[in-house]
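Hi everyone, thanks for coming along. Please have the structure open on your screens, and we will walk through it together, one contact surface at a time.

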Amino acid sequence: MGASESTASARYEARRRRLLDQVALKETDRTPFVFATRFWAARHAGITFEQQMYDAEKSADALERALLLLEPDGYVQSLYIYGPTLSALDYRLMQWPGHGTDPNATFQYLDREYMPAQDYDAYLFDPTGYCLRHYLPRVAGAFEGLARMPDFPSLSEWRFVGALRAFGKPELRASLQRLLEVGEHAEAAAQRAAAFARKMAALGFPSAGGGFCKAPYDHISDFLRGSKGCMLDLFRNKDKLLEAIDKVAELLLRGVVEETRAGGTPYVFIPLHWGLDGFMSPQHFQTFYWPGLRKVLLRLIEHELVPVALWEGDCTSRLEHIGDIPRGKAVYWFEKTDLVRAKAVLGDTVCLRGNVPTSMLIAGTPQEVDEYCRMLITKVGKGGGFILDGAASIPDEARTENVLAMARSVHKYAP
Amino acid sequence: MQENERQLVDALADMREEEALAAARALLDGGVAPLRVLELCRAGMEIVGKRFEQGEYFLPELILGGEMLEAIGALAKPLLASAPGGPAKTHGRVLIGTVQGDLHDIGKNIVTFMLDVNGFEVKDLGIDVPAATFVAAIREFQPAVVGLSGFLTLAFDAMRDTVGAIEAAGLREGRRIMIGGGQVDEAVRAHARADAFGGNAMAAVALCREWMGA
């Protein structure tokens, strides 16, 4: 092992440890900075957002360049390398660069009702069957033929064999054929992501990414009922919604533990969409949002994983209600919530992350960014339990000198 | 207000959907003028708006309020053809839309709802609206205030471009432009060169009231 390599591995270990210690609310030599973005790295490297999603080599180079420039303590590898997979799937839940949006415009989820309210019972009775034969064919072209899939639990004896005719039908066969191709793209992307992580580890950069999970209410809102449908369910279908939340919590947790462990980091990213201030009343939050989310958090923690919950928007009114989880086991990343206030309320419980304002990173000056980071590091970083990041990662349009000011601030200012 | 009229207003204000629809149906069946029923709906929605302002109601209540209003409107409007009366007087006109490239509409819809229940005449251009569409709509609708909405960071430039197009068309003079959306703050306002920004729907109402002296 050469001297430079041993230095890189020492840096890797120091960075990895620094993040874990901050999560455990321990003080470290300095505040860590984690780099996460959607397409900033692409923009910085001069490739299009579409290329980031479709050209694996250019995409990896772009992210590597960003890491070498910023030298973060951790990075989250872009998930947005799945362009070919999404194309092969003919995925309809979002539009992405060059595929519905401009080649240089970020992806957007399409907030629609994908499961009508009258389907709650069918979903609750048999979520897998409902997904296969009803939901999936609606949300992606490659799944359309799955509508013909046999209803396996209903089969017995000779019906079992007869039902396999379904696999002789052209619609189902075409879907299965397409899904084989989708699988190849997804596998190749995952392999490349793993190779990239190994390469970056060798350069001294640990991954701060990992698994992915959702709050049960958000899953139902984003993927099944649409935000409007789900909000109306708060009044019209309360019991069904609660039952679905219970069920979804269990379904979401299946596989996350194994997937995350296989990736080699303990972090599970949970972006939170519909529980913020203004989006529901405190009573609705306490009934429909927090209990399901808390269940997810506790279960991940039980398995020694670290939930990283991104509380989007302003969640000031939630602060007093989200602290009943084990101490030093999770990260709460706040977008617009005042982190100094969050530190006062939750600082003894969770590691905080954030939150250099998006608008400042785009339209502000390096001096403003530096000053803001100094404030965060000294006030929120004090005593440990803080990771510096953008309010909602590094925005695509952030000025390079502003991002650099942020990256350098952790070396300039002591907590 | 009579007892059965009060029932409709209260049911609307208290989010009792089935009762509100039943009360409206009973009033219409009993021969109450459809315009009167719509007036009562407006009274109910004003209470909803006030409760939203006071932090008692949130987005889901506004959405359900809108649904109830729509359902009662569908019952009453077919009966309106022969009824006397015209549109309610408004405090002024507001043109609103989500800027080009952005498909988000929740924030915009709340602002539209709140402006409407507060007596403004609002024209909503929808989402992903090109600057040229705003310009054409300003010419036609002649709003006193233009509201640009956007959630994504790409909206910052789209807002700036829209403001630029409005200026280039000579339509900025005598007209105010406000912006809003998840990430919008003073830095974005300066970037877009808008007159003001708002962090929530009530801020939009306050701005319009101030600018139009309503």
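Let's start where the two chains meet: chain B and chain A bury about 2,200 Å² between them, and 65% of that area is on carbon and sulfur atoms. Keep in mind as we go that this is a predicted model. If you are new to areas like this, the size of an interface is often given as the accessible area lost when the parts come together.

Which residues of chain B lose the most area to chain A? They are Phe58(B), Pro60(B) and Leu103(B), and together they make up 22% of what that side buries. Counting contacts instead, 25 residues of chain B touch 28 residues of chain A.

Now for the polar side of the story. Three salt bridges cross the interface of chain B and chain A. One of the salt bridges in the model joins Glu67(B) to Arg236(A), with the closest N and O atoms 3.2 Å apart. There are also twelve residue pairs in polar contact across the interface of chain B and chain A, both residues of each pair being at pLDDT 80 or more.

Where does the chain B side come from? Helix 4, helix 7 (154-168) and helix 8 (186-192) of chain B each supply at least two residues to the side that touches chain A. Helix 4 of chain B gives the most, with six residues. Sorted by class, that side of chain B has 14 nonpolar, six polar and five charged residues.

Next, let's stay inside chain B. Its domain assignment gives domain 1 (3-79) and domain 2 (93-212). The C-alpha centres of these two domains of chain B lie 28 Å apart. Nine residues of domain 1 of chain B are in contact with nine residues of domain 2 of chain B. Between them, the two domains of chain B bury about 840 Å², with 75% of it on carbon and sulfur atoms. Three residues to click on here are Arg42(B), Glu53(B) and Leu62(B): they supply 45% of the area that domain 1 of chain B buries against domain 2, more than any other three residues.

How many salt bridges are there between domain 1 and domain 2 of chain B? The count is one. Take a look at Arg42(B) again, as Asp116(B) forms a salt bridge with Arg42(B), the closest N and O atoms being 3.8 Å apart. On the domain 1 side of chain B, helix 3 (34-53) and helix 4 (59-76) are the elements that give two or more residues to the surface touching domain 2. Helix 3 of chain B has the largest share, six residues. By class, that side of domain 1 of chain B has four nonpolar, two polar and three charged residues.

Finally, a quick tour of the whole model. Over all chains, the count comes to 16 aromatic pairs. In one of them, the rings of Tyr75(A) and Phe196(A) have centres 6.1 Å apart and planes at 85°, so this pair is edge-to-face. Tyr75(A) sits in strand 2 (residues 74-75) of chain A and Phe196(A) in helix 9 (residues 170-202) of chain A, so to speak two distant parts of the chain, 121 residues apart.

Salt bridges come to 43 over all chains. Among them is the one between the side chains of Glu250(A) and Lys295(A), at 3.4 Å from N to O. This pair links helix 11 (residues 238-253) of chain A, home of Glu250(A), with helix 13 (residues 282-302) of chain A, home of Lys295(A), 45 residues apart.

Definitions and conventions: Residues numbered from 1 in each chain as written. Chains lettered and ligands numbered in written order. Predicted model: local features only at pLDDT ≥ 70, side-chain atom pairs only at ≥ 80, totals over all residues. Heavy atoms only, no water. Domains from an automatic or database assignment. Contact = heavy atoms within 4.5 Å. Buried area = accessible area lost by both parts, 1.4 Å probe. Salt bridge = Lys/Arg side-chain N within 4 Å of Asp/Glu carboxyl O. Helix = DSSP H or I, 4+ residues; strand = E, 2+ residues; numbered from the N terminus. Nonpolar A, V, L, I, M, F, W, Y, C, P; charged D, E, K, R; others polar. Phe/Tyr/Trp six-rings, centres within 6.5 Å; stacked < 30°, edge-to-face > 60°. Polar contact = N/O pair within 3.5 Å; in protein donor to acceptor, adjacent residues only side chain to side chain.
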